[in-house]
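Please walk me through this structure in the viewer, one selection at a time. For each stop, say what to select and what is there.

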Amino acid sequence: MGRFAGFAVTLRQMGKARRVTTEYPKEKRPKPRRLHGRHVLNRYEDGMEKCIGCELCAGVCPARCIYVRGADNPPDEPVSPGERYGFVYEINYLRCIHCDLCVEACPTEAITETKLFEFSFTNRNDAIYTKNELLVDDDGRAKRMPWELWLGGEDDHTSEWMRATSPSGDAGYEDRVNWSGELGFGVRTPEHGQQADTGSGTPAAAPDHSAGGH
Ligand code: SF4
Ligand code: SF4
């Protein structure tokens, strides 16, 4: 009899309890906006590449997994608005630790990280992403490789948050857009909810936006 009473409890709960598991990997939970995943190389709204081949990302990378070679822009057909552009750009994902330092170092917001971490390789060539693979497509979205599991949304917020506040968390930067528009997305909205504690128990005053942030 006790056994059937147990079943009765189970049956009563069926359909009532909130499901906490998901059918991963067919279904993914939303990821935090700041999660560091597979990179993309971004383009401006007019399609030009943001990378200027300065190599700062490669210089700062603690895993030494970025290889960049810059070249002068062809005067008749410039690739980026700068003097130079990223002629060769590679990231070796056998070494990347997704620390995001390359993103922080980049002066043009060219390199950012999506939320995708579901990618695995069966050979070394696939693990080394080339510029063509990293560069966003004509819609501004990450190109999908056959070995990556995109279910949508993983490249929605690649750079929205990155300069929402100053590195030290200065509340004066909150709500202030300090980055340029992106192909497919336009100018991304700033991240909210990062007010610094002033020590008095109240958040710092909101900044004056009238001067604009560009
Ligand atoms: S996320 Fe870190 S380890 Fe990966 S490429 Fe960027 S700087 Fe290097
Ligand atoms: S991604 Fe940014 S930091 Fe790296 S070479 Fe291009 S412009 Fe410079």
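## Stop 1: T108

Start by selecting T108, which counts as buried because its relative accessibility is 12%, under the 20% limit for that class. The model is predicted, and every value on this tour is computed from it. T108 is found in the loop that runs between α3 (101-105) and β4 (111-113).

Now add Y44, K50, C51 and I52 to the selection: T108 is in contact with these residues when its neighbours within four places in sequence are left aside. For K50, show the backbone as well, since the side chain of T108 reaches the backbone oxygen of K50 at 2.9 Å.

## Stop 2: ligand 2

Keep C51 selected and turn on ligand 2. Which residues come nearest to ligand 2? They are C51, C54, E55, C57 and C106, out of 14 residues around the ligand. C51 thus appears at two stops, as a contact of T108 and among the residues nearest to ligand 2.

Colour the shell around ligand 2 by class: 11 residues are nonpolar, 2 are polar and 1 is charged. If a cavity surface is available, display it here, as the space taken by ligand 2 is the largest cavity.

## Stop 3: ligand 1

Next, select ligand 1, which sits in the second largest cavity. There are 13 residues around ligand 1, and the nearest are C61, C96, C99, D100 and C102. With the class colouring kept on, the shell of ligand 1 shows 9 nonpolar, 2 polar and 2 charged residues.

## Stop 4: Y24

Move to Y24, in the loop between α1 (2-13) and β1 (39-41). Is Y24 buried, partly exposed or exposed? Y24 counts as partly exposed because its relative accessibility is 44%, and that class lies between 20% and 50%.

Add F117 and E118, with which Y24 is in contact once neighbours within four places in sequence are set aside. Draw a distance between the side chains of Y24 and E118: they make a polar contact at 2.9 Å.

## Stop 5: the whole chain

Finally, zoom out and switch to a cartoon view. The protein chain has 5 helices and 5 strands, and from the N terminus on the elements follow the order α-β-α-β-β-α-β-α-β-α. Colouring by accessibility shows 39% of the 214 residues as buried. On a contact map restricted to separations of 6 or more, residues 24 or more positions apart account for 69% of the contacts.

Key: Residues numbered from 1 in each chain as written. Chains lettered and ligands numbered in written order. Predicted model: local features only at pLDDT ≥ 70, side-chain atom pairs only at ≥ 80, totals over all residues. Heavy atoms only, no water. Helix = DSSP H or I, 4+ residues; strand = E, 2+ residues; numbered from the N terminus. Buried < 20%, exposed > 50% of the residue type's maximum accessible area, 1.4 Å probe, protein only. Contact = heavy atoms within 4.5 Å. Polar contact = N/O pair within 3.5 Å; in protein donor to acceptor, adjacent residues only side chain to side chain. Near = heavy atom within 4 Å. 1 Å grid on protein atoms, 1.4 Å probe; cavity = no way out; pocket = protein on both sides within 12 Å on 5 of 7 lines; lining within 4 Å. Sits in = over half its atoms within 2 Å of the grid points. Nonpolar A, V, L, I, M, F, W, Y, C, P; charged D, E, K, R; others polar.
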